[in-house]
Amino acid sequence: MKEAVKPPNTMQQPGSVGLVEPQTAHVDVPLLLDCGRRIEAYDLVYETYGELNEAADNAVLICHALSGDHHAAGRHRPEDRKPGWWDTAIGPGKPIDTDRFFVVCVNNLGGCKGSTGPLSINPETDRPYGPDFPILTVRDWVNSQHALMRQLGIARWAAVAGGSLGGMQVMQWAISYPEAVAHAVVIAAAPKLSAQNIAFNEVARQAIITDPDFHDGRYAEHGTIPRRGLMLARMLGHITYLSDDAMRAKFGRELRSGRVQYGFDVEFQVESYLRYQGTSFVDRFDANTYLLMTKALDYFDPAAEAGDDLATALEPATARFLVVSFTSDWRFSPTRSREIVRALLAGGKSVSYAEVEAHQGHDAFLMPIPYYHQVLTGYFDNIARSISQTEAAE
Amino acid sequence: MNRPDWDIVTGWIREGARVLDLGCGDGALLQHLIAERSVRGLGMEVDDERVAHGVAADLDVIQSDLDAGIRDWFGPHSFDYVVVSQTIQAIRHPERLLSEMLEIAEEGIVTFPNMGYWRNRWQLGIQGMMPTTKALPNPWYNTPNIHLCTLRDFEALCEGLGIEILDRAVVDQARQSSPLLRALPNWFGEHAIYRIRRRVV
């Protein structure tokens, strides 16, 4: 039995960053949050790939999406079935080439993968924060990432990149810290959520909150987990991350046992897929974190503080932008990305925009779609070239 | 490799101007204008391969279909020049594009293959077949060029749209001008290059 499972030798896989180990940064500069509360000190778990050069100007920050974490590339153990969530794009010879860039990915504050969050002990009560963890915004995350940046000895990112909620962080970076962002890569994002998007998030939250095992967020103290709620939330999410076409192509109306059973057990393959996604999510994610992350999504709206004008909101940005969207993405559709591009153009910013033909829906931003990766590669090649030119000139 | 119209287009553009190149292809003309005129350039292109090429060349490129219009993207007076080089004949609504481009820029520069060129007339008028030339290499059944016109056609359209023609240059494939060409541009010009603006009323 054991011999049958041969772990892949990741160190020899071409294009892989290989085995990686997360690190923890302790930040003891208090963080004043948008909600008015403050966190005196916190931990941020992060991973890095590649080497920081002497001038410290080849660093790229990767911002993760709703259910992501710091593990963007490589494997923690040789036997890991899956690599990091954006392994398709990060590695030696890949679009974000770790032979040239020093790549940093942080588990966001409020997360459940080691950074300070609802699972951490609240120093004021000596109990886990649970539901008492402050509500966070995208700007709070960016501020905390900025603190990490300084601890790493980096004054300016060569690029900040991210998809979905990650793309929102990229925009916020460009607005909040223009001097610290040379290039902003905003993928499958939106300048703010639509009512429909908030509605999906609300159903997901209600699924969790109304689970009898939720206990007002204090499930850990009751020795339970709101499994059903979290599972439903994830199942709903997955429906919105895929396109109708992608679902049809992947599952059709295929039946697991070949014929209908006239019952409520799993019959269609798509049901089986969603249940698998839901249950496996429960094992790796915390319900309170999920609630926090969806709220951060809902609140993101940089234009709100600029008279509802996105161009005005983006005014401080000095970065060059690359915006990418995917045709079948209906959760963050190309229309939403075009709003970002239009605002950047109106502000006279440097921006390129690629609209990638893809059937995978919102999930497409994680896939190695040839044209998408061709654009990313070309863009990051230029960044790498501008870095080495600066170095040659010095 | 310069195309026949580039030198003239470049000559018409001010140093440091803001330029939008509609249907910018792989961005070669924009690169040329940046090198020669230090323009602030932006390209618009629909084709994946060409967009990727433009991005890799460090240009700002927006992927969009010109047939969907350009007014959604830009506010009025966003550019000094909008260039449409060898593209207008492939647009579904050239008249709409001409109007829109003069809403977002002070001046437009349009270049296109002249259907009135004598070789085209010869092939159609005498041989009785749709022309195929260096400027129009595609067969009729498989060509992006769906709206071909002559110099006179174009000038009539401009008149109808209230567009003023500021400059006109006509060249053959070798980019040369000649007395014959100057005397009978609609016969001997293979490429037409126009500088236009909205007529001031």
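Begin with the largest pocket of this predicted model, an open space of about 1,500 Å³. To find its middle, select Lys82(A), Trp85(A), Arg234(A), Arg284(A) and Leu366(A), which are the closest to the centre among the 45 residues that line the pocket. Next, colour three helices of chain A, namely H4, H5 (244-250) and H6 (269-284), since each of them supplies at least two residues of this lining. H6(A) gives the most, with 7 residues. If the lining is then coloured by residue class, it divides into 17 nonpolar, 14 polar and 14 charged residues.

Keep H4(A) selected and turn to the enclosed spaces, of which there are 2 cavities of 30 Å³ or more. The largest cavity has a volume of about 60 Å³, and the residues to select around it are Leu66(A), Phe200(A), Asn201(A), Ala204(A), Ala233(A), Leu236(A), Gly237(A), Thr240(A), Tyr241(A), Tyr290(A), Thr294(A) and Arg331(A). Helices H3 (195-209), H4 (227-241) and H7 (287-299) of chain A are the elements that give two or more residues to this lining. Which helix gives the most to it? That is H4(A), with 5 residues, and H4 of chain A also supplies at least two residues of the lining of the largest pocket. By class, the residues around the largest cavity divide into 7 nonpolar, 4 polar and 1 charged.

Now move to the boundary between the chains, and select the contact residues, 18 from chain B and 20 from chain A. Together the two chains bury about 1,600 Å² between them, and 50% of that area is on carbon and sulfur atoms. On the chain B side, highlight Val55(B), Gln63(B) and Trp73(B), which supply 34% of the area that chain B buries against chain A, more than any other three residues.

For the charged pairs, the interface of chain B and chain A holds 2 salt bridges. One of them can be shown by selecting Arg320(A) and Asp58(B), whose closest N and O atoms are 3.1 Å apart. A wider search for polar contacts between the chains, restricted to pairs with both residues at pLDDT 80 or more, comes to 14 residue pairs. As for secondary structure, strand S2 (40-45), helix H3 (48-56) and strand S3 (61-63) of chain B each supply at least two residues of the side of chain B that touches chain A. H3(B) provides the largest share of that side, 6 residues, and the whole of that side divides into 11 nonpolar, 1 polar and 6 charged residues.

Stay on chain B for the second largest pocket, where about 920 Å³ of space lies. Of the 37 residues that line this pocket, those nearest its centre are Arg3(B), Arg50(B), Ser85(B), Gln86(B) and Thr87(B). Helix H2 (28-37) and strand S2 of chain B are the elements that give two or more residues to its lining, and S2 of chain B also belongs to the side that touches chain A, with at least two residues there. The residues of this pocket lining divide into 15 nonpolar, 13 polar and 9 charged.

The last stop is the second largest cavity, with about 40 Å³ of space. Select Leu66(B), Asp67(B), Gly69(B), Ile91(B), His93(B), Arg96(B), Leu97(B) and Glu100(B) to display its lining, which divides into 3 nonpolar, 2 polar and 3 charged residues.

Conventions. Residues numbered from 1 in each chain as written. Chains lettered and ligands numbered in written order. Predicted model: local features only at pLDDT ≥ 70, side-chain atom pairs only at ≥ 80, totals over all residues. Heavy atoms only, no water. 1 Å grid on protein atoms, 1.4 Å probe; cavity = no way out; pocket = protein on both sides within 12 Å on 5 of 7 lines; lining within 4 Å. Points joined across faces, edges and corners; volume = space filled by probe spheres on them. Helix = DSSP H or I, 4+ residues; strand = E, 2+ residues; numbered from the N terminus. Nonpolar A, V, L, I, M, F, W, Y, C, P; charged D, E, K, R; others polar. Contact = heavy atoms within 4.5 Å. Buried area = accessible area lost by both parts, 1.4 Å probe. Salt bridge = Lys/Arg side-chain N within 4 Å of Asp/Glu carboxyl O. Polar contact = N/O pair within 3.5 Å; in protein donor to acceptor, adjacent residues only side chain to side chain.
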